[in-house]
Amino acid sequence: MKKILGNIALILGTILISFTFILTIIYNTLISTDWHERVYTSRVPVILYFIYLIVLLILIIGYPILNKINTKILLTFVLSLFILAGLYLVFNADTYLRPADQMSVWNSVKNINSGNYIDFKRGQYLDFHPLQLGLVTFERLMAAFSERLCHNKWLIFDEK
């Protein structure tokens, strides 16, 4: 029974990851950096499919060479690149703050949890930023615990 459930989980996981991978290579999402941060979704240019194919062929042809590389050295090299890229982003990031997405997401969570779906209406936050629905869904789960804990914490402070 465990083996059957494990196989079902493996098949479902493979289907979900494949679906996400296919959507990632087909669609491109751009977010403008102006005041309103509009989201534009479009199809990937055809030239990228050729680039995907070339990269895949290089990986297939280069597999024997890649198989001989010491994994510790490769990990150290990739982590070094990652740290350098992170430091570059930290020291060169634009410090201009657009309207706070975190607060808008949290307000949407509180509205939805109280039965008010105004954030989905045209011109509202989730209409302009549908990509935040995953974060809203996750934070709705977190709000089930954190709202109660925060409320109790404030009650304790009010009693003193």
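In which helix is Ser 108 found? In this predicted model, Ser 108 belongs to helix α5. The description below starts with the overall fold, turns to α5 and the core around it, and ends with two other helices.

The protein chain contains 7 helices and 2 strands. Their order along the sequence is α-β-β-α-α-α-α-α-α, with both strands placed between the first helix and the second. Of the 160 residues in the protein chain, 11% are buried. The exposed surface of the protein chain amounts to about 13,900 Å², and carbon and sulfur atoms account for 72% of this area. When contacts in the protein chain are restricted to residues at least 6 apart in sequence, 43% of them connect residues at least 24 apart.

Helix α5 spans residues 101-113 and comprises 13 residues. The distance from its first C-alpha to its last is 18 Å, close to the 18 Å expected at 1.5 Å a residue. Four residues of α5, namely Val 105, Ser 108, Val 109 and Ile 112, are buried. These residues lie on the same side of α5, because the arc they cover around the axis is only 100°. Just after α5, Gly 115 adopts a positive phi of about 90°.

Ser 108 has a relative accessibility of 0% and therefore counts as buried, the cut-off being under 20%. With neighbours within four places in sequence left aside, the contacts of Ser 108 are Asp 119, Tyr 125, Leu 126 and Val 136.

The largest nonpolar core consists of 7 residues: Val 105, Val 109, Ile 112, Tyr 125, Leu 126, Val 136 and Ala 143. At least two residues of this core come from each of α5, α6 (125-128) and α7 (133-159). The most is given by α5, which supplies 3 residues. In soluble globular proteins, nonpolar side chains tend to be buried together. Val 136, a member of this core, is in contact with Val 105, Ser 108, Val 109, Ile 112 and Leu 126 when neighbours within four places in sequence are left aside. The contacts of Val 136 thus include Ser 108, which is one of the buried residues of α5.

Helix α4 (residues 71-92) has 22 residues, for which a span of 32 Å is expected at 1.5 Å a residue. Its end C-alpha atoms are 31 Å apart, in agreement with that value. The number of buried residues among the 22 of α4 is 0, so α4 lies largely in the open. The N-terminal end of α4 is capped by Asn 70. In this cap, a side-chain oxygen of Asn 70 lies 3.1 Å from the backbone nitrogen of Lys 72.

Helix α1 covers residues 2-26 and includes Thr 20. The relative accessible area of Thr 20 is 47%, so this residue is classed as partly exposed. The side chain of Thr 20 reaches the backbone oxygen of Leu 16 at a distance of 2.9 Å.

Conventions: Residues numbered from 1 in each chain as written. Predicted model: local features only at pLDDT ≥ 70, side-chain atom pairs only at ≥ 80, totals over all residues. Heavy atoms only, no water. Buried < 20%, exposed > 50% of the residue type's maximum accessible area, 1.4 Å probe, protein only. Contact = heavy atoms within 4.5 Å. Areas by Shrake-Rupley, 256 points an atom, 1.4 Å probe, with all protein chains shown as cover. Expected span 1.5 Å × (residues − 1). Arc of directions from axis to C-beta. Core = buried A, V, L, I, M, F, W, Y, C linked by side-chain atoms within 4.5 Å. Polar contact = N/O pair within 3.5 Å; in protein donor to acceptor, adjacent residues only side chain to side chain.
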